[in-house]
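I am opening a notebook on a structure that is new to me, and I will write down each thing I look up in turn.

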Amino acid sequence: MAILKILQYPDERLHRVAKKVAQVNETTRKLVRNMAETMYAAPGVGLAATQVDVHERIIVLDISETHDQLKVFINPEIIASSGVSDCEEGCLSVPGIYETVSRSGKVTVRALNEKGASFTLDAEGLLAVCIQHEMDHLIGKVFVEYLSQLKQTRIRAKLKKRLRETM
Ligand code: NI
């Protein structure tokens with residue numbers, strides 16, 4: 001397994017739109033394992049393939065405190081949503097920034113697991129928020145893009161400054 005490099009906002013590659021996985025195979029499973037290892041090491045609760053510069057529709061999540069409830073979604077689709085949830089979010093690609101985003105409170109998602117089998121999951125609370133956050137990455141959207149232009153400009157300036165300081 002390997003720890004992958006996580007792209008940092010405002011890297012342009014975070015805005016690429018991921019393609020559907022045509023076939024779930026050993027290459028997919030290897031990527032999923034590396035994504036999970038990268039997420040746990042960060043540490044974070046979710047990671048989209050886009051964030052490790054692989055532009056395929058794959059996300060991994062684990063919101064458990066014990067870090068043993070890995071959920072893998074390949075080609076995820078939200079087939080139903082309801083309610084509203086305002087939740088403070090962060091992102092491994094936007095370190096140190098936490099902002100409240102308004103999303104659906106409940107979602108039903110259909111996806112393939114790492115074996116290529118289809119499943120449907122009803123999610124609410126933090127899990128629903130995480131699924132929506134990670135699925136946004138797959139269409140090239142980072143959570144800060146829900147914020148005002150002024151806030152986005154400030155966040156970009158802050159992260160660019162921090163990047164310069166660590167180089
Ligand atoms: Ni994120």
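**Backbone, metal site and pocket**

I began with D53, which counts as partly exposed because its relative accessible area is 30%. I noted that this model is a predicted one, and I kept that in mind for every entry below. D53 sits in the loop between β1 (58-61 being the range of β2, the strand on the other side of that loop) and β2. I then looked up its backbone angle and found that phi of D53 is near 65°, a positive value in a residue other than glycine. I paused on this, since most residues other than glycine have a negative phi.

I looked up N75 next, where phi is near 55°, again a positive value in a residue other than glycine. N75 belongs to strand β3, which covers residues 71-82, and it counts as buried because its relative accessibility is 9%, the cut-off for buried being under 20%.

**Cis peptide bonds**

I turned to the peptide bonds, bearing in mind that most peptide bonds are trans. The bond from Y9 to P10 is cis, with omega near 5°, and P10 lies in the segment before α1 (26-41). The bond from A42 to P43 is cis as well, with omega near -10°, and I located P43 in the loop between α1 and β1 (46-48).

**The nickel ion**

Which protein atoms are the donors of the nickel ion? I listed C91 through SG, H133 through NE2 and H137 through NE2, lying 2.1 to 2.2 Å from the ion. Along the sequence, I wrote the spacing of these donor residues as C-x41-H-x3-H. C91 is in the loop between β4 (85-89) and β5 (99-103) while H133 is in helix α2, so this pair ties together parts that are 42 residues apart in sequence. I also checked whether the two are buried or exposed, and both C91 and H133 turned out to be buried. For C91 the reason is a relative accessibility of 11%, as buried means under 20%.

**Cysteines**

How many disulfides are there? I recorded zero disulfides. For C87 I could follow the reasoning, because the closest cysteine sulfur, in C130, is 7.6 Å from the sulfur of C87, which is too far for a bond, given that a disulfide needs the two sulfur atoms within 2.5 Å.

**E145 and its surroundings**

I moved on to E145, which I found in the loop between α2 (125-138) and α3 (149-166). E145 counts as partly exposed because its relative accessibility is 26%. Leaving out residues up to four places away in sequence, I noted that E145 touches Y9, H15, G140 and Q152. With H15 there is also a polar contact from side chain to side chain, at 3.5 Å. I compared the position of E145 with that of V129 and wrote down 16 residues apart in sequence and 15 Å apart in space, from C-alpha to C-alpha.

**The largest pocket**

My last entry concerns the largest pocket, for which I noted a volume of about 330 Å³. Its lining is made of 22 residues, and those that lie nearest its centre are V45, E89, G90, C91 and L92. C91 therefore appears twice in my notes, as a donor of the nickel ion and among the residues nearest the pocket centre. Which element gives the largest share of the lining? I found that α2 does, with six residues, and that β4 and α2 each supply at least two.

Note on methods:
Residues are numbered from 1 along each chain as its sequence is written. This is a predicted model: local features need pLDDT of at least 70, side-chain atom pairs count only at pLDDT 80 or more; totals for chains, interfaces and linings use all residues. Side-chain values use heavy atoms; hydrogens and water are left out. Helices (H or I, at least four residues) and strands (E, at least two) are DSSP runs, numbered from the N terminus. Buried means under 20% relative accessible area, exposed over 50%, partly exposed in between (1.4 Å probe, protein chains only). Contact means heavy atoms within 4.5 Å. A polar contact is a pair of N or O atoms within 3.5 Å; within protein, one must be able to donate a hydrogen and the other to accept it, and residues adjacent in sequence count only if both atoms are side-chain atoms. Donors are N, O and S atoms within 2.8 Å of the metal (3.2 Å for Na, K and Ca); water is not among the atoms, so sites may look incomplete. On a 1 Å grid over the protein atoms alone, a cavity is a set of points where a 1.4 Å probe fits but cannot get out, and a pocket is an open set with protein on both sides within 12 Å along at least five of seven lines; lining residues have an atom within 4 Å of a point. Grid points are joined across faces, edges and corners, and a volume is the space filled by probe spheres set on the points.
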